[in-house]
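Welcome! Take a moment to look over the structure shown here, and then let us walk through a few of its features together.

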Amino acid sequence: MVSDGMRKPRLLCLHGFRTSGEILKTQLHKWPQSVLDNLDLVFVDAPFPCQGKSDVEGIFDPPYYEWFQFNKEFTEYTNFDECLKYIEDCMIKHGPIDGLLGFSQDLNMTRCLILTKQGAILSAALPGLQEKGVALTKVPKVKFVVIVGGAKFRSPSVVDKAYSSPISCPSLHFLGEMDFLKQYGMELLESCVEPVVIHHPKGHTIPRLDDKSVKTVMDFIERIKKDVSK
């Protein structure tokens with residue numbers, strides 16, 4: 001528990017494609033209570049009801065949601081500006097929000113490899129979009145991000161704004177050694193300044209934390225608590 005007078009960092013948690021805030025909350029319960037007790041996690045559903053089949057049907061109950069829509073190459077997006085405005089509204093409603101946590105959900109490998117990484121992609125891109133003044137202009141600066149299974153946007157119009165400058169806020173990344181999407185997470189690390197990385201032996205999932213990983217996460221929390229308290 002937080003015992004030094006500093007408040008818990010509050011994170012807006014962005015779920016994966018065609019899942020939900022409740023599903024992400026369930027998935028994060030893999031983490032030890034000692035970690036969860038030091039974070040103030042806010043779970044929200046994406047703004048648009050699922051417009052197709054969800055890969056978690058039969059595993060997690062509906063309803064399912066998506067943040068925006070896209071073409072099969074993941075280079076053209078529909079309702080993207082509406083998505084950014086919705087996230088800003090959530091940050092105002094549940095504020096003060098200090099940072100973002102994003103996850104992408106596992107998927108069938110025959111589909112486009114990065115289609116379900118919406119929560120993780122958004123969380124990593126938003127600090128850069130905010131810095132350029134094209135998103136989150138009505139809320140305080142994002143102080144840190146936690147990315148589970150990350151990647152970058154592919155649209156040139158978004159790439160030019162989100163990653164033209166290094167992502168300088170503290171960032172914690174989880175990469176699975178057996179994750180067939182690992183290469184996309186590695187590419188994202190190249191855009192981050194001194195990222196903290198936890199490698200785990202599993203695939204595309206929120207991992208359980210061993211003792212070493214717990215220490216890494218807790219050290220990261222202590223670091224961001226100081227930024228939150230400024």
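## A first stop: Phe-48

In this predicted model, Phe-48 counts as buried, because its relative accessibility is 17% and the cut-off for buried is under 20%. You will find Phe-48 in strand E3, which covers residues 48–49. Leaving aside residues up to four places away in sequence, Phe-48 touches Tyr-65, Glu-66, Trp-67, Phe-68, Gln-69, Asn-79 and Glu-82. Ser-164 is 116 residues from Phe-48 along the chain, and the C-alpha atoms of the two are separated by 29 Å.

## Helix H7 and its two sides

Now turn to helix H7, made of the 18 residues 211–228. At 1.5 Å a residue, H7 should span 26 Å, and its end C-alpha atoms are 25 Å apart, which agrees.

Which residues of H7 are buried? They are Ser-213, Val-214, Val-217, Phe-220, Ile-221, Ile-224, Lys-225 and Val-228. Seen down the axis of H7, these buried residues fall within an arc of 145 degrees, so they line one face of the helix. On the other side of H7, the exposed residues are Asp-211, Lys-212, Lys-215 and Lys-226.

What covers the buried residues of H7? The cover includes helix H2 (33–36) together with three strands: E8 (144–148), E9 (171–176) and E10 (196–200).

## Two cavities

The model has two cavities of 30 Å³ or more. Here they are side by side.

| Cavity | Volume | Most lining residues from | Lining by class |
|---|---|---|---|
| Largest cavity | about 60 Å³ | H7, four residues | nine nonpolar, no polar and no charged residues |
| Second largest cavity | about 40 Å³ | E9, three residues | four nonpolar, six polar and one charged residue |

The lining of the largest cavity brings us back to H7. Val-217, Phe-220, Ile-221 and Ile-224 belong to this lining, and these residues are also buried residues of H7. Trp-31, Leu-39, Leu-101, Val-146 and Leu-172 line the largest cavity too.

Which residues line the second largest cavity? Phe-103, Val-148, Gly-149, Phe-174, Leu-175, Gly-176, Asp-179, His-200, Gly-203, His-204 and Thr-205 do. Strand E9 gives the most to this lining, and E9 is also part of what covers the buried residues of H7.

Note on methods:
Residues are numbered from 1 along each chain as its sequence is written. This is a predicted model: local features need pLDDT of at least 70, side-chain atom pairs count only at pLDDT 80 or more; totals for chains, interfaces and linings use all residues. Side-chain values use heavy atoms; hydrogens and water are left out. The expected span of a helix is 1.5 Å times one less than its number of residues. Buried means under 20% relative accessible area, exposed over 50%, partly exposed in between (1.4 Å probe, protein chains only). The arc is that of the directions from the helix axis to the C-beta atoms. Contact means heavy atoms within 4.5 Å. On a 1 Å grid over the protein atoms alone, a cavity is a set of points where a 1.4 Å probe fits but cannot get out, and a pocket is an open set with protein on both sides within 12 Å along at least five of seven lines; lining residues have an atom within 4 Å of a point. Grid points are joined across faces, edges and corners, and a volume is the space filled by probe spheres set on the points. Ala, Val, Leu, Ile, Met, Phe, Trp, Tyr, Cys and Pro count as nonpolar, Asp, Glu, Lys and Arg as charged, and the others, Gly among them, as polar.
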